[in-house]
Amino acid sequence: MSRKLYHGAAYYPELWNEGVIEEDIQQMKEVGINVVRMGEFAWSNTEPEKDKFDIEFFTSIINRLYEHGIETVMCTPTPTPPRWFSYGHPERMYVDHEGKVMDHGSRQHACTNHPYFRERAALVTENLARAVGSLPGVIGWQIDNEFKCHVSECMCHTCKEQWHDWLKNRYETIENLNEAWGTKIWSEYYHSFEEVPQPGPAPFLHNSSLSTMYQLFSMEKIAEFSDEQAEIIRGYSKAPITHNSSIAFSVDNERLFKHLDFASFDTYAAYDNFPAYLINSDLWRNFKKGKGFWVMETSPSYAASLESHGTPHPNGYLKVEAAAAYALGAEGFCYWLWRQQRAGCEQPHGSVLSAWGKPTVGYQNVLEVEQLRKDIEPVILATTPSQAQLAITYSDRSKAFLKTEPHRNLSHRSLVTDFYERILTMGIHRDLIPEEASLDGYKVLMTPFIHYLSSEYIKRAEQFVKEGGTWIVGPLTGGRTEEHTVHTDFALGELERISGADVLFTYPMDDTGSIGRAFDVSAPLGMWSSVFEHNQDTVVGTIEEGLSAGKAFITEHALGAGKIVMLGSLPLGDAGDQLIQRLVDHYCVGANVSLRTDVTKGTIVAPRQGDGYSIWFVINMDGNGGSVTLPKEGLDMQTNTKVNPGTLKLEKFEYRVIQFNEK
Ligand SMILES: [Zn+2]
């Protein structure tokens, strides 16, 4: 990819006639769209009959767009196998947890593990890659589309066989599996791998190990499919490959992006929940650290399907969404979709042009984004996102554990997003990092809501602490083993051994009247909690009331040059927010976290680093305006005028770009 900022849209020329396509290209040029993403649902266009491939249509569209200065991210069409694939073949289809077999007519209806699906997917991708892979207009590839966005783990017969193979590979002997899962319970004992069921219909809950392992199996299989597809494309194309994912889908994003070239995500977060939008940028930047990520899909105004719709963005919001994405590391910002569809189940979805070719309610906002893109491109290309000093570990594997064991309907996504929002609101520049990410460059590491922490992770975090880092662990972290069982040595296993905390018991604190006090704040405590022995040397937070009055819920233990802080419980309500904020503040100050501002709630600062200077993108996200204190004199990059130290005020949905010299 050339070094520029992309502003794009999903495009479906296969749905329109020549006259409309010509109009689309002219309109794209007017708007400033410089990239389109195409082809992800076009299997029946590229292979209308089995083994009859017709790629000519896309070849000519790609070339034509390129002549007009519009580049293409080409997609493999595998989320929608055609009718010749599905007709009369229920055994090739996805089967849900209730045993219902999917039929044709929507998407993700096929079992992606079925050998025939893999064979046909490989063929269509190979033909496509061979035909368009070296066209100058193709600057990137997207494999499939939103893996596992509608479906989760397939329960078909093929998957059952592969599940058994996966188990054999993981456990080697059935005795190992029986021991690991504790299958003497409820007469679950298995005499062979073939006897192990899938977590399908059952009168009550399945064994936690069975449920969690089946999810990990499914996550691995879909990533293997992605790897397979990428290998085929690489045989014919040098263009980098991605997939458009999300934290909402049943995939392990860290694993999925391991063998892809760049990371991208889709998001349709509502404007009044902008942290749910921003969390993606702070996470996706770290799946392929050092490489720009793409916002592959977002709505120019509102998402919708036949059954529901989002609220249209207020005018001005789209521009700050784009500003935040680019400032936080995006190289591409793309809409779903260019032209409203005239058929199918997503006809009502927001677009840039209507089905009748007129500008939509979001159109002016798209023009504002294009103006922004032009304005900030030089400064973005000359700088990179600043290395954060605080990291929060994000784990999709922990999402699987939490899906198996959600206590009272805990949602991984909400827990993580709420936690993230606190750090965001405190004005601390932050990274969300996958489990296996390097901890270099960080001063504070936070590990909330991860039922199972791998030995490898614990060792790395321990080393990070010994070298001077502060590791804040919890809540809800470390209480389960790799096999999704309870530890039998210590409540928190290996983690407890190094944490210096002595866990007395664990239990759900919600509604027990428990109150904890730390940092001069008393707050109700909730969530499944670890209660620590009250030790004068390590106690930071004391339980004042409730079943464990007098014991501890926060401890701090020195290790090497750093410290481990155990947060055993979740402080709740406004007082809880305040307590957590003081805790984070205390340890960030102690760890000398300097990439932090006093920006007001609803406004963000995205810091970037240049050669001998730094840049602040100050962006009002909530439409209420805001302010931040500039620590020293800066240069306003939009007006090329000096700005004094002190308060910088922002209007509704305004953004400012301030440069600070470091010399
Ligand atoms: Zn299946």
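In which strand is the place of Thr555? In this predicted model, Thr555 belongs to strand E20, which covers residues 552-559. The residue counts as buried, as its relative accessibility is 1% and the cut-off for burial is under 20%. Once neighbours within four places in sequence are set aside, the contacts of Thr555 are Ala501, Phe532, Thr538, Val540, Ile564, Val565 and Met566.

Attention can now turn to the annotated positions. An unreviewed UniProt entry lists Arg107 and Asn145 under "binding site". The two positions span 39 residues in sequence, yet their C-alpha atoms are no more than 9.8 Å apart, so they gather at one spot. Each of them is found in a loop: Arg107 in the one between helix H4 (83-86) and helix H5 (115-132), and Asn145 in the one between strand E4 (138-142) and helix H6 (157-171).

Are these listed residues buried or exposed? Arg107 counts as buried, with a relative accessibility of 17%, and Asn145 is likewise buried, with a relative accessible area of 2%. The surroundings of Arg107, leaving aside neighbours within four places in sequence, consist of Phe41, Pro79, Thr80, Asn145, Glu146, Cys149, His150 and Glu346. On the same terms, Asn145 touches Arg37, Glu40, Phe41, Pro79, Arg107, Gln108, His243, Asn244 and Glu297. The two listed residues are thus in contact with each other, and Phe41 and Pro79 appear in the contacts of Arg107 as well as in those of Asn145.

Helix H3 offers a view of packing around a single element. This helix runs over residues 56-67, a stretch of 12 residues. From the first C-alpha to the last it reaches 17 Å, close to the 16 Å expected at 1.5 Å a residue. Which residues of H3 are buried? They are Phe58, Thr59, Ile61, Ile62, Arg64 and Leu65. The cover over these buried residues includes helix H1 (18-31), strand E2 (35-38), helix H2 (43-46), strand E3 (71-75), H5 and E4. After H3 comes Gly69, which has a positive phi near 80 degrees.

The surface has its own nonpolar feature. Ile185, Trp186, Phe204 and Leu205 form a patch there, and together they have about 540 Å² of accessible area. Within this patch, Phe204 is placed in the loop between helix H7 (174-181) and helix H8 (208-234). Phe204 counts as exposed, because its relative accessible area is 57% and the cut-off is over 50%.

How many salt bridges does a search of the whole structure find? The search returns 48. One of them joins the side chains of Asp24 and Arg339, with an N to O distance of 2.9 Å. This pair links distant parts of the chain, 315 residues apart: Asp24 is in helix H1, while Arg339 is in the loop between strand E9 (330-335) and helix H12 (363-381). Asp24 is buried, at 0% relative accessibility, and Arg339 is buried too, with a relative accessible area of 5%.

A salt bridge also forms between the side chains of Glu228 and Arg118, at 2.6 Å from N to O. Glu228 lies in helix H8 and Arg118 in helix H5, so this pair ties together parts that are 110 residues apart in sequence. Glu228 counts as partly exposed, at 33% relative accessibility, whereas Arg118 is buried, with a relative accessible area of 12%.

A further example stays within one helix. The side chains of Lys399 and Asp396 meet in a salt bridge with an N to O distance of 2.9 Å. Both residues are in helix H13 (residues 396-404), and because they are three residues apart, about one helical turn separates them. Lys399 counts as buried, at 14% relative accessibility, and Asp396 is buried as well, with a relative accessible area of 2%. Elsewhere among the ion pairs, Asp252, Glu254, Lys258, Arg397, Glu435 and Glu436 are joined into one network by salt bridges that share partners.

Notes: Residues numbered from 1 in each chain as written. Predicted model: local features only at pLDDT ≥ 70, side-chain atom pairs only at ≥ 80, totals over all residues. Heavy atoms only, no water. UniProt positions renumbered as here; feature names shortened; annotations may be inferred. Helix = DSSP H or I, 4+ residues; strand = E, 2+ residues; numbered from the N terminus. Buried < 20%, exposed > 50% of the residue type's maximum accessible area, 1.4 Å probe, protein only. Contact = heavy atoms within 4.5 Å. Expected span 1.5 Å × (residues − 1). Patch = residues over 30% accessible without salt bridge, like charges linked within 9 Å, V, L, I, M, F, W, Y side chains within 5 Å. Areas by Shrake-Rupley, 256 points an atom, 1.4 Å probe, with all protein chains shown as cover. Salt bridge = Lys/Arg side-chain N within 4 Å of Asp/Glu carboxyl O.
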